[in-house]
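Good morning, and thank you for the opportunity to present. I shall go through one structure, taking its ligand surroundings and then its domain arrangement.

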Amino acid sequence: MRVKLLSIIFFLILAAATAQPQLSGDALKGSKRYDQYEKPQACKSCHVHIYQQWRQAMMSQSYTHHWDEIEYFDLAVPHAEKVPELKDAVDGCNGCHTPLAFMAGDVPPPRPSANSRANEGVSCEVCHTISGWEGDVPVNFSYISSPGRLKYGAKPGLKSPHHDTEALSLYEQTEYCGNCHNEKNPYGIWVKSTQIEWKEGPYAAEGVTCQRCHMPKALGKNATMAKEDMVAQHLFHGAHDAGKIAGTIELRMHPEEREVAYDGMAVLQLQLFNAKTGHKFPSGSVEDRIVWLHVTATDAAGKEYHLPVDRKGFPGEAYTIASDVLGYQDMGLPKNIPDFAGVARDGVPLGNRIYRMPYFDPQGNITIMQWNTKSLGVDYRIGPRETKIETFTWQLPDDIAIGEVTVTAQLNYQKLVKPVADFLGVPADESEVIPVNSTTTSFEVYE
Ligand code: HEC
Ligand code: HEC
Ligand code: HEC
Ligand code: HEC
Ligand code: HEC
C-alpha cells in the first residue's frame, strides 16, 4: 500500500516536472530574463578562437548592423504603430535577430547605441541553450531555450570546469538552423526558406548539411585546455563575404557561329552553373537581393556595345529584366510620405537579366518589407547545382568594325537594390556591386 502511494507521488512529481511548458516561437516572448543567460565575454577566456570568429561573423551583428537597425526602426516599428495588427510580427523580428531581448520581453529593444544586452544578437548562449524545437517544419524561432549550467553541443562526453555539456544530434541537423532561416509572415507567406530550399535540393540527399559549408571543421582546439580534434569553425560566411559570393556561379559562353557577316546576326549562348550554394542563389533575405548579368561586346575598333538578354516568355519574366519602372511604394506609409511614387525597381543597366524572386505587397507592388508581403512572384533564382542558359541575339550595327569582336559576360551580386539603399540612407557597402564571375568569348566579323 505504502509503496503504491509512494510510487503515485513519485509519478505525480515526475509528471509535473515533464509537464514544464517547453515554450517556443511567439510564446517565448517575455518568458525568460536576461540574467538567465551568460554574456559572450564569459566564454571568451577558454573558447578564444571560437569567440573571435563569432565576433567577425554576422551572428554577432544581427542586431547592431546598420541596415538591420534602419529597417527595424525606420520601417518595421513605425509601420506597426500605424497598423497595429503588425505588432506581433514586428516584435517577432527580435526572436531571430536578438533572441535574448525577445525572451526577456524587451521589445522594441533599446537602439544599438544604448549598448544594452540586446546588442549580443545571436550569441553563444542563444545557440548553446537550444535544447529542441517544436512544429512540423522549423520556422519563426521555433527553438526551445533551456538556459543554465548545461551547454548543449554536438560532441558527447566533454568535460569543462565552467559548465556541464550534453550532446544533441540536433546540432548536426539543418533543422537547428531552420529555426531562424525559415520565416513565415503574417500573411502566411514563406518570406525566408533557406532550409526548405536545402531540403528540396541535391545536398540534403547527400547529407551535406548547412554546418558543413558554414561551420567547416579543422584540426585545432575548441578550448584552451582541450585536446586537439576536428573543431567546428564558427565562420558563418554568407552574403556579407565577397569571397563566399565569388565563383558561386560558373560561367561559359560561346557564339553559335565563329564567323558572322558584317550585316548578319550574332547569337551567343551562356551557361550559368550554380556550383557552390546548398540552397538557391540568392537565398535568405531574397526581398533585398539581386544577381544580374551584364554582357558587352567590343569590336575591332574598340567600340563597346551593351547586349540586352533575349526574352524567354515565361510568366512574370518582366521582373527578371532590368527596367526603369518604379516600385517599393509601401515604404511611403512608415516614412510618412502620402502617395509615395516609389523608387526605381532595379537600378541596374536596362535590358539585363536579373536572378531574383520579387515580393509583392497587398496592393501588388514590389516590396522589400517582407512582413508586408502578400504574394511572391516568379522564382528566377539559380537553384543548387542548377544550370540556366541565356541567349543573346545581336543584329550587328551598321558601323561595326571588321575583325574580332570580344564578348564579355559579367555576373554581379547586390545585397540590397541600390535605389532602396539610397532612399533609406543605408551605408554603401550594403548595395555595392559584388562580382560573382565573368567569362569572355569572341567571333570574327567579315565583309
Ligand atoms: C573555464 C573554461 C571555459 C569557459 C569559461 C567556457 N567553457 Fe565551454 N568548454 C570548456 C571546455 C574545456 C570544453 C570541453 C572541450 C573539449 O574537451 O573538447 C568546453 C566545451 C563546450 C562546448 C561543447 C559541448 C559539446 O558537447 O559539444 C560548448 C557548446 C561550450 N563549451 C559552450 C560554452 C559557452 C556558451 C560558454 C560561455 C557561456 C563557455 N562554454 C564557457 C571550457 C570552458
Ligand atoms: C548560430 C548558432 C551558434 C552560435 C552563435 C555559436 N555556436 Fe557554437 N556551435 C554551434 C553548432 C551548431 C555547433 C556544432 C557544429 C558541428 O559539430 O557541426 C557548435 C559547436 C561549438 C563547440 C564545439 C566545437 C567542436 O567541434 O569541438 C564549442 C566549444 C562552441 N560551439 C562554443 C561556442 C561559443 C563559445 C560561441 C560564442 C563565441 C558559440 N559557440 C556560438 C552553433 C553556434
Ligand atoms: C537564433 C537564430 C539563428 C540560428 C539558430 C541560426 N542563425 Fe544564422 N543568422 C541568424 C540571423 C538573425 C542572421 C542575420 C544577421 C544579419 O545580417 O542581420 C544570420 C546570419 C547567418 C549567416 C550570414 C548571412 C549573411 O548574410 O552574411 C549565415 C551563413 C548563417 N546565418 C548560417 C547559419 C547556420 C549554418 C546555422 C545553423 C548551424 C544558423 N545560421 C543558425 C539567426 C540564426
Ligand atoms: C554546399 C554548400 C552549402 C550548403 C550545404 C549551405 N550553404 Fe549557405 N551558402 C553557401 C554559399 C556558397 C553561399 C554564398 C552565396 C549566397 O549568398 O547564396 C551561401 C550563403 C548563405 C546565406 C546568405 C544568403 C544570401 O543570399 O543572402 C545564408 C543565410 C546561408 N547560406 C545559410 C545556409 C543554411 C541555413 C543552410 C542549411 C539549410 C546552408 N546555408 C547550406 C553554401 C552552402
Ligand atoms: C525567422 C527568423 C527571422 C525573423 C522573424 C526576422 N528575420 Fe531578419 N533575418 C533573418 C536571417 C536568418 C537573416 C539573414 C538572411 C541572409 O543573410 O540572407 C535576416 C536578414 C535580415 C536583414 C538583412 C541584413 C543584411 O545585412 O543584409 C534585415 C534588414 C532584417 N533581417 C530585418 C528584419 C526585420 C525588420 C524583421 C521583422 C519584420 C525580421 N528581420 C524578421 C532572420 C529573421
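**Ligand shells and domain contact**

Sorted by class, the residues forming the shell around ligand 1 are 11 nonpolar, nine polar and four charged. I should say at once that this is a predicted model.

Let me stay with ligand 1. There are 24 residues around ligand 1, and those that come nearest are Cys43, Cys46, Gly153, Ser160 and His162. Two or more residues of this shell are given by each of helix 2 (41–44), helix 7, strand 3 (150–153) and strand 4 (164–167). Helix 7 provides the largest share, three residues.

I turn now to ligand 3. This ligand is surrounded by 25 residues, of which Cys177, Cys180, Cys210, Gly238 and Ala239 are the closest. By class, the shell around ligand 3 consists of 14 nonpolar residues, 10 polar residues and one charged residue. At least two residues each are supplied by helix 5, helix 7 (124–128), helix 8 (174–181) and helix 11. Helix 7 is thus a name we have met before: it also gives the largest share of the shell around ligand 1.

Which helix gives the most to the shell around ligand 3? It is helix 8, with five residues. This helix deserves a further remark. Seven of its eight residues are buried, so helix 8 is largely enclosed by the rest of the structure. The buried residues in helix 8 are Thr174, Tyr176, Cys177, Gly178, Asn179, Cys180 and His181. Cys177 and Cys180 are also among the residues closest to ligand 3.

Finally, the domains. The domain assignment of the protein gives domain 1 as 22–232 and domain 2 as 242–446. Taken over C-alpha atoms, the centres of domain 1 and domain 2 are separated by 33 Å. To the contact, domain 1 contributes 28 residues and domain 2 contributes 25 residues.

On the side of domain 1 that touches domain 2, the elements giving two or more residues are helix 4 (66–82), helix 5 (87–97), strand 6 (190–193), helix 9 (194–199), helix 10 (202–205) and helix 11 (210–214). Helix 4 accounts for the largest share of that side, nine residues. By class, the same side of domain 1 divides into 18 nonpolar, six polar and four charged residues.

Two of these elements link the topics of this talk. Helix 5 and helix 11 each give two or more residues to the side of domain 1 that touches domain 2, and each supplies at least two residues of the shell around ligand 3.

Definitions and conventions
Residues numbered from 1 in each chain as written. Chains lettered and ligands numbered in written order. Predicted model: local features only at pLDDT ≥ 70, side-chain atom pairs only at ≥ 80, totals over all residues. Domains from an automatic or database assignment. Contact = placed C-beta atoms within 7 Å. Helix = DSSP H or I, 4+ residues; strand = E, 2+ residues; numbered from the N terminus. Nonpolar A, V, L, I, M, F, W, Y, C, P; charged D, E, K, R; others polar. Near = placed C-beta within 6 Å. Buried ≥ 20, exposed ≤ 12 C-beta atoms within 10 Å, placed from the backbone.
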